[in-house]
Every structure is written in structure tokens, then in C-alpha cells.
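Here's a quick walk around a protein model for anyone who wants to get their bearings before heading back to the bench. Have the structure open as you read.

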Amino acid sequence: MMCFSSNSPFDEKPVNRKLIHNFAYPTADATQLTSVATSLAKALFQPGVNYYKVGVGLLDLSDGDHEQFDMLNPTPNNTELMSVFDGINQKYGTDALFLGAQGINEKWGMRRDRLTPQYTTRWNDVPKIRC
């Protein structure tokens, strides 16, 4: 996981920082990802800096179907919790259930009023032809 932050290069003191965390074992557990992202963000933060870019990127992704489990992993994936989490969000809509670290006051969000139909990923968007 890579976290980065920077202010404008035209500021008096330009700041451009990046931190990388390598997980010892592959994970798809949102609780582990969130805790690492939170700790990296706290390490990147400097008081008095007006940040313009802040982000998180996931690197070296692998398919979970081919995961080799390890008995020595101190923090194994909680697949049951993640499947319940995903199932509730699929049934009741995005962000019906979310982690508290996400926050509840969304000050901005993408506008979805002109979203292109998702012909390849959603059955409801595939055109129906009637003869």
C-alpha cells in the first residue's frame, strides 16, 4: 500500500511525501487495509501544510482465489465478515454498511446523474431487444 501527500509546488515550502507499507501476507480484509492507511496518513500529516493531493494506492495486487493460507499469519483475513459486508452493501446499496473510519459526513461526492450505462458489468444495463 502506498500513501502520498503533497502541497502545491508553488508554495513557499513544497512538501511531497510518500510512504509504502508491505503486508507480510496478502489481505483483502477492509479492517486491516483501513488501519494501515490510517497509520500511514497520520505519519504523512504535518501541521500547517495545506495539502492539495492526498491519496492511497494498492500495489502488487493478486487474485484471492489463488491465496496460499499460512498457519503462522498473526492476522488472517476475516472472509466471513467481508462476505457479509459485501452482501449487505449489494442488497441495500453502496455504503449501507461501512467502517467508521470512512466518516459519515461526506462533504463532496461524484455526481452520478450522467453516468454511462455499465453494459459489461451490470445485468440491468444490458439492452433488451423485443421482437
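Which element gives the most to the lining of the largest pocket? That would be α2, with three residues. One thing to keep in mind throughout: this is a predicted model.

## The largest pocket

Let's stay with that pocket for a bit. Its volume comes out at about 630 Å³. A total of 25 residues line the pocket, and the closest to its centre are Pro 26, Thr 27, Asp 60, Leu 61 and Ser 62. Sorted by class, the lining is a mix of 11 nonpolar, nine polar and five charged residues.

Asp 60, one of those closest to the centre, deserves a second look. You'll find Asp 60 in the loop between β3 and α2. Is Asp 60 buried or exposed? Asp 60 counts as exposed because its relative accessibility is 78%, and the cut-off for that label is over 50%. Its backbone also stands out: Asp 60 isn't a glycine, yet its phi is positive, at about 55 degrees. For background, most residues other than glycine have a negative phi.

## A nonpolar patch on the surface

Now over to the surface. Val 84, Ile 88, Tyr 92 and Leu 97 together make a nonpolar patch of about 360 Å².

Ile 88, one of the four residues in this patch, belongs to helix α2, which covers residues 79–92. With a relative accessibility of 31%, Ile 88 counts as partly exposed. That's just enough for a place in the patch, because patch residues need over 30% relative accessible area.

## The salt bridge

How many salt bridges does a search of the whole structure find? The answer is one. The partners are Arg 122 and Asp 125, whose side chains meet at 3.9 Å, N to O. That pair makes the list because the cut-off is within 4 Å. As a general point, side chains of opposite charge can pair when their charged atoms come close.

Arg 122 has a relative accessible area of 39%, so this residue is partly exposed.

## Loops and helix α1

Back to the loop between β3 (53–57) and α2, this time for Asp 65. Asp 65 is exposed, given its relative accessible area of 67%. Asp 65 and Asn 105 are 40 residues apart along the chain, and their C-alpha atoms are separated by 35 Å.

Ala 28 sits in another loop, the one between β2 (16–20) and α1 (30–44). Ala 28 is exposed too, at 59% relative accessible area. What separates the C-alpha atoms of Ala 28 and Thr 79, 51 residues apart along the chain? The figure is 8.1 Å.

Helix α1 is where you'll find Thr 34. Thr 34 counts as partly exposed because its relative accessibility is 25%. From Thr 34 to Met 71 there are 37 residues in sequence and 23 Å in space, C-alpha to C-alpha.

## After α2

The last stop is Gln 118, in the segment after α2. Its relative accessibility of 28% means that Gln 118 counts as partly exposed. Gln 118 and Gln 46 are 72 residues apart along the chain, with 41 Å between their C-alpha atoms.

Notes: Residues are numbered from 1 along each chain as its sequence is written. This is a predicted model: local features need pLDDT of at least 70, side-chain atom pairs count only at pLDDT 80 or more; totals for chains, interfaces and linings use all residues. Side-chain values use heavy atoms; hydrogens and water are left out. Patches are made of residues with over 30% relative accessible area and no salt bridge: like charges are joined within 9 Å, nonpolar side chains (Val, Leu, Ile, Met, Phe, Trp, Tyr) within 5 Å. Accessible areas come from the Shrake-Rupley method with a 1.4 Å probe; for residues, only the protein chains shown count as cover. Helices (H or I, at least four residues) and strands (E, at least two) are DSSP runs, numbered from the N terminus. Buried means under 20% relative accessible area, exposed over 50%, partly exposed in between (1.4 Å probe, protein chains only). On a 1 Å grid over the protein atoms alone, a cavity is a set of points where a 1.4 Å probe fits but cannot get out, and a pocket is an open set with protein on both sides within 12 Å along at least five of seven lines; lining residues have an atom within 4 Å of a point. Grid points are joined across faces, edges and corners, and a volume is the space filled by probe spheres set on the points. Ala, Val, Leu, Ile, Met, Phe, Trp, Tyr, Cys and Pro count as nonpolar, Asp, Glu, Lys and Arg as charged, and the others, Gly among them, as polar.
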